[in-house]
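Reader: Please take a close look at the second largest pocket of this protein. Which elements give two or more residues to its lining, and which residues are the closest to its centre?

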Amino acid sequence: MAAGSKAERKAAIDAGAWMFNVVTSVGIIMVNKALMATHGFSFATTLTGLHFATTTLMTLVMQWLGYIQPSYLPLPELVKFVFFANLSIVGMNVSLMWNSVGFYQIAKLCIIPVLCFLEILFDKVRYSRDTKLSIMLVLVGVAVCTVTDVSVNSQGLIAAIIAVWSTALQQHYVHHLQRKYSLGSFDLLGHTAPAQAASLLILGPFVDLWLTNKRVDTFNYTVVVTFFIVLSCIIAVGTNLSQFICIGRFTAVSFQVLGHMKTILVLTLGFFFFGKEGLNFHVALGMTLAVIAMVWYGNASSKPGGKERQVYIIPSEKTQKHGILSSQSQLDQKV
């Protein structure tokens, strides 16, 4: 296969992966907004447990069909991943409860700098000036169009810090595990989804009771509410899978930066379906800045030196001896 056709095929697959993630993520946000805001189902942690239970069923079907091959993931690695992932889910919900919406949005934006720090520290990634500037402009643009009132208290600040770091560690860990153990997206989901489903379905009702003072088992499950729950679970399968695909093919930082396109789409669809009273000049300006910055980031990070992993090769004793022998043979030939 020619180099040009390989590059075109990779670009098409990359675009498809991003589109898959954007469509499923925006879809599940809109469904959950209708479920929670319109129908009063506020049990977010338990709902996430149902999402992973549905994803587990999908992975079992894929294993039965032969699309997921047996793979290995050490138990300590699985436990660490599930801990970070579940702490991220609970932390984000608590942060939203204890903080204003504006500070919650600022905390979410802080995930990108933390991920950059983790990539520099653990993966030895180096960013070009244009890549850094484009990331900063994305943060500014999204902040302008999402951050309104900002108020914070000590317990809300602690919750936000825990949520940001656990989310960053979980997303960085996805890329790390796929690379270290040669796991595909389906393979990693096959290991993590059952553990997350079991833990969240056990702990979720108690966390939701603490957050909402309501019991999930006493909620009035109408036909419409049940339909939205099932629809949310079905879409969540695609969301979970596409997240692993995108982070595996790219990095967690790229996933977060370009993932803010979902924020812009959710705002746009929200104005279209739920009213246009929040659409004003500074929101439109922020959305425009963010989109321009995402295009800039995609262009800057794809250039040589835009974002690259530094590799340090330490000469071994064998290579040093080989170098000495090569030098000696060259001298012999000259003699």
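Author: A pocket is defined on a 1 Å grid over the protein atoms alone, as an open set of points where a 1.4 Å probe fits, with protein on both sides within 12 Å along at least five of seven lines. Lining residues have an atom within 4 Å of a point. Grid points are joined across faces, edges and corners, and a volume is the space filled by probe spheres set on the points. The model is predicted, so local features need pLDDT of at least 70 and side-chain atom pairs pLDDT 80 or more, while totals for chains, interfaces and linings use all residues. Residues are numbered from 1 along each chain as its sequence is written, and side-chain values use heavy atoms, without hydrogens and water.

The second largest pocket has a volume of about 500 Å³. It is lined by 21 residues, of which F250, S254, G298, S301 and S302 are the closest to its centre. Two or more lining residues come from each of α1 (3–38), α10 (252–274), α11 (281–302) and β2 (307–309); helices (H or I, at least four residues) and strands (E, at least two) are DSSP runs, numbered from the N terminus. The largest share, five residues, belongs to α1.

By class, the lining has seven nonpolar, seven polar and seven charged residues. Nonpolar here covers Ala, Val, Leu, Ile, Met, Phe, Trp, Tyr, Cys and Pro, charged covers Asp, Glu, Lys and Arg, and the others, Gly among them, are polar.

As for the setting, the protein has 12 helices and two strands, in the order α-α-α-α-α-β-α-α-α-α-α-α-β-α from the N terminus on.
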